[in-house]
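Me: I am new to this structure and would be grateful for a close look at a single part of it. Please take the sheet as the centre and set out, in one connected account, how the surrounding parts relate to it.

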Amino acid sequence: MPVILIGFMGTGKSTVGRLLAESMNQSFCDLDELIEKEAGMTIPTYFDTYGEQVFRQLEQDLLKKAIDEYDILSTGGGTPTISANQKVIQAAMGRTIKLDAPIDEIRARIGDDMNRPIFKKLSQQAFNELKEKRDAIYTKFCDVIIDTSQKNPREIVAEIKALIYSNTDELNYASL
Ligand SMILES: Nc1ncnc2c1ncn2[C@@H]1O[C@H](COP(=O)(O)OP(=O)(O)O)[C@@H](O)[C@H]1O
Ligand SMILES: O=C(O)C1=C[C@@H](OP(=O)(O)O)[C@@H](O)[C@H](O)C1
Ligand SMILES: [Mg+2]
């Protein structure tokens with residue numbers, strides 16, 4: 001039963017997923033890293049070379065493989081917005097966890113990191129609107145939301161582990 005981290009850019013999916021896997025001694029995949037490995041280039045270069053549509057196809061192809069193979073998966077911010085990916089995530093019957101943070105905190109985290117082509121190309125307002133639009137999707141497809149604001153990654157990992165081990169109804173499987 002995989003743990004799948006979803007959420008907007010900069011909410012900490014990659015950082016927290018890796019730490020969570022380490023602390024649980026489980027296998028980990030960062031979908032963006034898998035894409036970069038398969039493509040043989042960085043994500044910004046891939047976007048520049050082939051465009052977003054081709055990136056989304058590769059992302060979709062690798063999502064299924066990653067969900068089947070790994071215990072803990074950090075997705076990209078756009079992954080759950082594609083309907084084919086939503087079906088793959090639902091079919092995995094795992095624990096889908098949305099990480100969230102206020103937009104200002106996200107900006108502070110990723111503000112000088114130009115490795116995110118979507119962030120780079122959007123105006124401030126368009127970026128804010130994208131977060132709002134995508135947040136509704138993440139919320140629909142997750143079992144639980146974790147607010148990462150003002151918490152360090154280790155605290156977030158502890159929170160996720162407490163949820164997993166408590167086997168509580170807070171993980172609302174009915175939404176899957
Ligand atoms: N809880 C946190 N508090 C502060 N900074 C964080 C936190 N989680 C991640 N970061 C930092 O924010 C940036 C984006 O984190 P990352 O894990 O790449 O997010 P995502 O994969 O969701 O885009 C990185 O520089 C990371 O070190
Ligand atoms: O939001 C998006 O569409 C994207 C988010 C990125 O991942 P992170 O959410 O890990 O930054 C990466 O997949 C790509 O740049 C596209
Ligand atoms: Mg990431």
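**The sheet and its surroundings**

Reply: The model under discussion is a predicted one. The account starts from a residue beside the central strand, then passes to the sheet and from there to the helices and loops.

G10 is in contact with A101, I106, R109 and I110, once its neighbours within four places in sequence are set aside. G10 belongs to the loop between β1 (3-7) and α1 (13-24). It is buried, because 24 other C-beta atoms lie within 10 Å. The helix that follows this loop, α1, contains K13. K13 also counts as buried, because it has 27 C-beta neighbours inside 10 Å. Beyond its neighbours within four places in sequence, K13 is in contact with L5, G7, S74, T75 and L99. Both residues appear in a UniProt record: an unreviewed entry lists G10, T11, G12, K13, S14, T15 and R116 under "binding site".

The sheet itself is open and consists of five strands, arranged in the order β2-β3-β1-β4-β5 with parallel pairing. At its edges stand β2 (28-30) and β5 (144-147); each has a single partner strand, so one side of each is left without a neighbour in the sheet. From one strand to the next, the twist averages 20°. As a general matter, the strands of a sheet pair through backbone hydrogen bonds, in either a parallel or an antiparallel manner.

Strand β1 deserves particular attention. Its pairing with β3 is parallel and comprises three bridges. Within that pairing, L5 has S74 of β3 as its bridge partner. S74 was named above among the contacts of K13, as was L5. Strand β1 is also joined to β4, by five bridges, and these two strands run parallel. Here I4 is found opposite T96 in β4.

Which residues of β1 are buried on one side, and which on the other? V3, L5 and G7 are buried on one side, and I4 and I6 are buried on the other, so that both faces of the strand are covered. In a regular strand, side chains alternate between the two faces of the sheet. Because five of the five residues of β1 are buried, the strand is largely enclosed by the rest of the structure.

Beyond β1, the order of strands continues through β4 to β5. Strand β4 (residues 95-100) is joined to β5 by four bridges, and the two run parallel. One of the pairs between these strands is I97 with its bridge partner V144 in β5.

Towards the other edge, helix α2 (residues 31-39) lies across β2 and β3 (72-74) and runs at about 70° to β2. Helix α2 contains D32. This residue counts as buried, because 23 C-beta neighbours fall inside 10 Å. Apart from neighbours within four places in sequence, D32 is in contact with I43 and G76. UniProt, again in an unreviewed entry, places the feature "binding site" at D32, R56, G77 and R134. Of these, R56 lies in helix α4. R56 counts as partly exposed, because it has 17 C-beta neighbours inside 10 Å.

I43, one of the contacts of D32, leads on to the next pair of helices. The axes of helix α3 (residues 43-50) and helix α4 (residues 52-69) come within 7 Å and cross at roughly 125°. The two helices are therefore oblique to each other. Where they meet, Y46, F47 and Y50 of α3 face E52, V54 and F55 of α4 in contact. By class, this contact has five nonpolar residues, no polar residues and one charged residue.

Two loop residues next to the strands at the β4 and β5 end complete the account. Most residues other than glycine have a negative phi. M93, although not a glycine, has a positive phi of about 55°. M93 lies in the loop between α5 (83-91) and β4. M93 counts as exposed, because it has 11 C-beta neighbours inside 10 Å. Q150 likewise has a positive phi, of about 60°, and is not a glycine. Its place is in the loop between β5 and α9 (153-166). Q150 counts as exposed, because 9 C-beta neighbours lie inside 10 Å.

Conventions:
Residues are numbered from 1 along each chain as its sequence is written. Chains are lettered from A and ligands numbered from 1 in the order in which they are written. This is a predicted model: local features need pLDDT of at least 70, side-chain atom pairs count only at pLDDT 80 or more; totals for chains, interfaces and linings use all residues. UniProt positions are given in the numbering used here, feature names are shortened, and annotations may be inferred rather than shown by experiment. A residue is buried if 20 or more other C-beta atoms lie within 10 Å of its own, exposed if 12 or fewer, and partly exposed in between; C-beta atoms are placed from the backbone. Two residues are in contact if their C-beta atoms, placed from the backbone, lie within 7 Å. Two strands pair if DSSP finds at least two bridges between them. Axes are lines fitted to C-alpha atoms, for helices over the stretch in contact, and angles run from 0 to 180 degrees between N-to-C directions. Angles under 35 degrees count as roughly parallel, over 145 as roughly antiparallel, 65 to 115 as roughly perpendicular and the rest as oblique. Ala, Val, Leu, Ile, Met, Phe, Trp, Tyr, Cys and Pro count as nonpolar, Asp, Glu, Lys and Arg as charged, and the others, Gly among them, as polar.
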